[in-house]
Each structure stands twice: as structure tokens, then as C-alpha cells.
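Q: Please take a close look at one part of this model. I would like to follow a single strand and its partners, and then see how that part sits in the wider chain.

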Amino acid sequence: MWKRGVSGVIVVILVLGIFGLTFEIQPAKANTITVPDDYATIQEAINNANEGDTIYARAGVYYGDFVVNQRLSLVGENKETTIIVSNSTVIHDPNDPTVFVGRDTVSIKADGVSISGFAVNGNGTYGWGITIRGSNCVVKDNEVFGIDGEGIFLDGRANNVEGNLVINNTLRDNKGCGLLAWGANKNCIRSNTVFEDYFGIYLYGESNENMIAHNDIHNNTDIGVGIIWHSNNNSIIDNNISGNGQHSNESYASGICSQTYSQSNHIINNELSSNKRGYCEYYSAGQIIYHNSFINNSQQFVIDSQLRPNTLDNGYPSGGNYWSDYTGLDANSDGIGDTSYTIDASNQDRYPLMIPWKPLQGDINYDGAVDILDIVAITSIYGCKAGELKWNPQTDLAPPYGKIDILDMVTCTTHYGQKYP
Ligand SMILES: [Ca+2]
Ligand SMILES: [Ca+2]
Ligand SMILES: [Ca+2]
């Protein structure tokens with residue numbers, strides 16, 4: 001019986017294998033179209049491409065605007081020398097010629113599009129650099145600058161805009177936001193450099209469950225990371241946020257700002273240094289804020305008005321935040337100050353850290369140790385992809401981002417046993 005069972009299993013595996021092969025030898029043929037060799041413009045190449053094709057643009061200057069309306073990969077030869085310049089013609093509202101209409105330099109209107117290796121120069125045009133109105137797209141290794149508006153715009157006002165990955169881009173010198181998410185959920189904004197925009201990264205208008213991780217966000221005019229207008233359950237993790245709002249007279253100029261009914265956002269493992277205000281809050285509630293380092297901000301933490309208290313520590317012994325102006329002692333040398341860091345009666349860090357927080361790779365549940373709980377967290381969603389129900393972006397430690405696989409597991413186990421401090 002046992003042998004027959006085994007051979008049955010083998011037969012099933014063989015049959016599955018043959019079917020697998022059958023499927024594998026009939027892939028849709030994806031072509032690479034080169035610009036300007038095959039078509040003079042990127043838009044012509046897009047219009048003549050089939051779904052799944054790659055459009056490769058050689059170094060050069062291409063004038064926008066482009067619309068990507070099917071699943072394609074756009075690859076620039078080199079982001080320093082492959083430059084998309086916005087078409088600077090101003091569009092007027094047909095009903096009111098005194099009103100300008102914003103335009104997209106690159107408009108993504110399909111799911112699964114990827115764009116990498118371009119400089120997108122807004123040329124001062126009012127509108128957006130790269131606008132995404134689809135899901136599961138990848139915007140990677142681009143530089144977007146000089147837009148009179150937003151560098152990257154996740155526009156979920158009319159469509160579902162979910163599971164997009166915006167990674168390794170430089171977003172600078174834009175007059176609006178480096179990146180704006182509006183009504184966009186479950187996107188991952190990771191490892192970008194965002195500076196000298198008016199706002200750095202701005203989650204607005206019911207943008208929920210987004211992951212903002214490992215970004216360097218510095219010297220933006222007003223706010224580094226804004227969590228605004230009913231934007232809830234976002235994770236702001238492991239970012240370096242410095243020098244924002246320093247020359248602004250705006251009331252909420254700060255490193256991170258939660259405003260207008262934004263609730264239950266996780267703000268963990270960030271370094272907030274030399275901002276006008278490290279963190280500020282206006283009419284919001286219930287954020288979870290710990291293992292951040294607040295270093296030499298002009299004001300460390302400002303509550304303007306609040307619907308309910310924030311949580312400013314993760315209990316003992318995991319601890320709260322590091323505050324460079326904390327004056328308490330640590331008599332028992334457990335790394336945690338013996339007295340609370342108090343902002344007001346309902347905002348107290350009961351367990352302030354004595355030295356700045358050091359992020360730990362592999363610490364998925366952010367408790368300050370890489371241990372079996374983190375391994376279990378990965379195992380429980382192994383194989384999961386961004387946008388799926390069980391998706392947890394905190395678990396996505398290693399490339400390919402957007403999928404939990406063996407490399408995420410290896411990254412975690414490599415750091416097994418490490419602890420703060
Ligand atoms: Ca102590
Ligand atoms: Ca852990
Ligand atoms: Ca991964």
C-alpha cells in the first residue's frame with residue numbers, strides 16, 4: 001500500500017510536471033522595442049507594442065507627454081542621460097480658460113507597468129512627473145525633478161491604486177510633493193531619496209496601509225512625511241528624516257506631521273533630526289510611535305490638538321523613543337531612563353531610550369530582537385504577494401520586493417539572535 005501510495009504521488013508529480021512544461025513552452029512572446037531605432041518616439045513605441053513588451057530608450061532627450069495604457073516595461077539606458085522632458089504647453093480648462101489643468105509627463109493607466117532608468121524633468125510645467133492610476137506597477141531608479149506640482153503621483157481618486165512599488169528613485173526640487181498618494185492604499189514607497197521639494201512624501205485623502213520605509217527625506221521646505229486627511233494604518237518605518245521645515249513659517253513645518261483625522265499610523269525606527277519640529281500633530285489620534293530617535297529638532301514633539309492620545313512606547317523592556325534632550329538617569333543600567341519623557345498629560349514616553357535606536361534588519365515585529373517570532377511572521381505569509389489579503393510589507397526584507405520568498409527568510413535568519421542595543 002505504502003509503495004503504491006508513493007508511486008501514485010510520483011505519477012501525480014510527473015503529470016503536473018508535463019502540464020507545467022506544456023505551459024512553459026508556450027509563453028506569450030515578449031519583444032524588446034528600441035527607441036529611436038525601431039520608432040522615433042516613446043509614444044509611438046508604446047502604441048505599437050504588445051502587452052508584456054519592453055521598450056528600451058537609448059540615452060537622449062525625449063519630449064513628453066506619454067500615456068502607458070497596457071502592461072509594458074519602459075527601460076531607460078541611464079537615468080543621467082535618458083531624459084524625458086515635459087511638454088511645456090499649458091493646458092487650459094475648456095470651461096474656464098483662466099484655469100490651468102495639470103498634466104502628467106508620464107501617465108500610467110494600466111496594471112503591472114514598470115518604468116526605470118529615466119530622468120523626468122518637469123521643465124517647470126504645472127502637473128505631475130509620473131502619475132500612476134493602476135495597481136502592481138514598479139517605478140524604480142528614476143530621478144524626477146523640476147515639476148510645478150508632484151514628482152510622483154499615486155492617484156487613487158477614481159481607480160484602485162494598490163500594491164505599487166516606488167523604489168530607489170530620487171525626487172527633488174519639485175514645487176509640490178516629491179511623492180503624493182491620494183486615496184491610494186497598500187503601496188510600498190521604499191529606499192527613495194527625497195529632498196528640496198515643498199513636501200517630501202504626502203499621504204492624503206484616505207490613503208491607508210501604505211509602507212514608507214528606508215527613505216532618506218531631507219531639507220524639504222515644509223513637511224518631510226505628511227499623513228493627512230483620514231489617512232490611517234500607514235507604516236512609517238526606518239526612514240532618515242532630517243532638516244525639514246527649518247526655514248518655513250508654516251504652522252506644521254516638521255519631519256513627520258499627522259493632520260485632520262489621521263489615526264493609528266505606525267511610526268517606528270525613524271531617525272528624526274534637525275527638523276523644525278520632529279513630529280507634530282493636528283486633530284489626529286492614536287498613532288503608535290516608538291523606537292524613533294528624536295535628535296536636536298528645534299521642537300521635538302508638538303501636539304496642537306488631539307482626538308485621543310498617542311502611544312509613545314512599546315512597553316518594558318522593548319522601550320520607547322530616544323530623545324536628545326532627555327535629562328533623566330538610568331540608575332539600573334537597563335538602557336531605559338528611570339523617568340518618563342513627558343510632552344503632556346496624555347502623551348508620555350514611559351520608557352525613553354538612553355542611546356539612539358539602531359534598526360535591526362530582520363526584526364519584523366519591531367520588538368528590538370530578531371528571534372523565533374520574526375521567523376514565524378515570515379513563515380505565516382510565505383509566498384504572499386503585495387496586494388493580497390495577508391500581505392504584510394514589514395516582512396518584505398529583501399529583493400524582489402513585493403513578494404515574500406526564501407531571500408526574505410535568509411535575511412531574517414542571518415540576523416537571528418541580534419538585539420538592541
Ligand atoms: Ca533604567
Ligand atoms: Ca522581533
Ligand atoms: Ca521580498
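A: What follows starts with one strand and its pairing, then turns to a sheet, a domain contact and a loop residue.

The model is predicted. Take strand E6, residues 82–85. Its side chains alternate. Thr82 and Ile84 point to one face and are buried. Ile83 and Val85 point to the other face and are not buried. In general, side chains of a regular strand alternate between the two faces of the sheet.

Now the partners of E6. Strand E3, residues 60–63, is joined to E6 by four bridges. The two run parallel. Within this pairing, Tyr63 stands opposite Val85 of E6. Val85 is one of the side chains on the face that is not buried. Strand E11, residues 119–121, is also joined to E6, here by three bridges. This pair runs parallel too. Ile84 of E6 stands opposite Val120 in E11. Ile84 belongs to the buried face.

Next, an open sheet of 11 strands. Its order is E1-E2-E5-E10-E13-E16-E19-E22-E25-E28-E31, and the pairing is parallel. Strand E1 (32–35) and strand E31 (288–290) are the edges, each pairing on one side only. From one strand to the next, the twist averages 10°. Inside this order, E16 and E19 pair in the parallel sense over three bridges. There, Ile167 has Arg190 in E19 as its bridge partner.

E16 and E19 also matter for the domain contact. The protein chain is divided into domain 1 (32–349) and domain 2 (372–414). Their C-alpha centres lie 23 Å apart. Domain 1 gives 11 residues to the contact, and domain 2 gives seven residues. On the side of domain 1 that touches domain 2, strand E16 (165–167) and strand E19 (188–190) are the elements that give two or more residues. The residues on that side of domain 1 divide into four nonpolar, four polar and three charged.

Last, a loop residue. Glu209 is found between strand E21 (199–204) and strand E22 (211–213). E22 is one of the strands in the open sheet. Glu209 is partly exposed because 17 other C-beta atoms lie within 10 Å, and a buried residue would need 20 or more. Leaving aside neighbours within four places in sequence, Glu209 is in contact with Asn185, Lys186, Asn233 and Asn234. Take Lys186: Glu209 and Lys186 are 23 residues apart in sequence. In space, their C-alpha atoms are 4.9 Å apart.

Terms used
Residues numbered from 1 in each chain as written. Chains lettered and ligands numbered in written order. Predicted model: local features only at pLDDT ≥ 70, side-chain atom pairs only at ≥ 80, totals over all residues. Buried ≥ 20, exposed ≤ 12 C-beta atoms within 10 Å, placed from the backbone. Pairing = 2+ DSSP bridges. Contact = placed C-beta atoms within 7 Å. Domains from an automatic or database assignment. Nonpolar A, V, L, I, M, F, W, Y, C, P; charged D, E, K, R; others polar. Axes fitted to C-alpha atoms, helices over the stretch in contact; angles between N-to-C directions.
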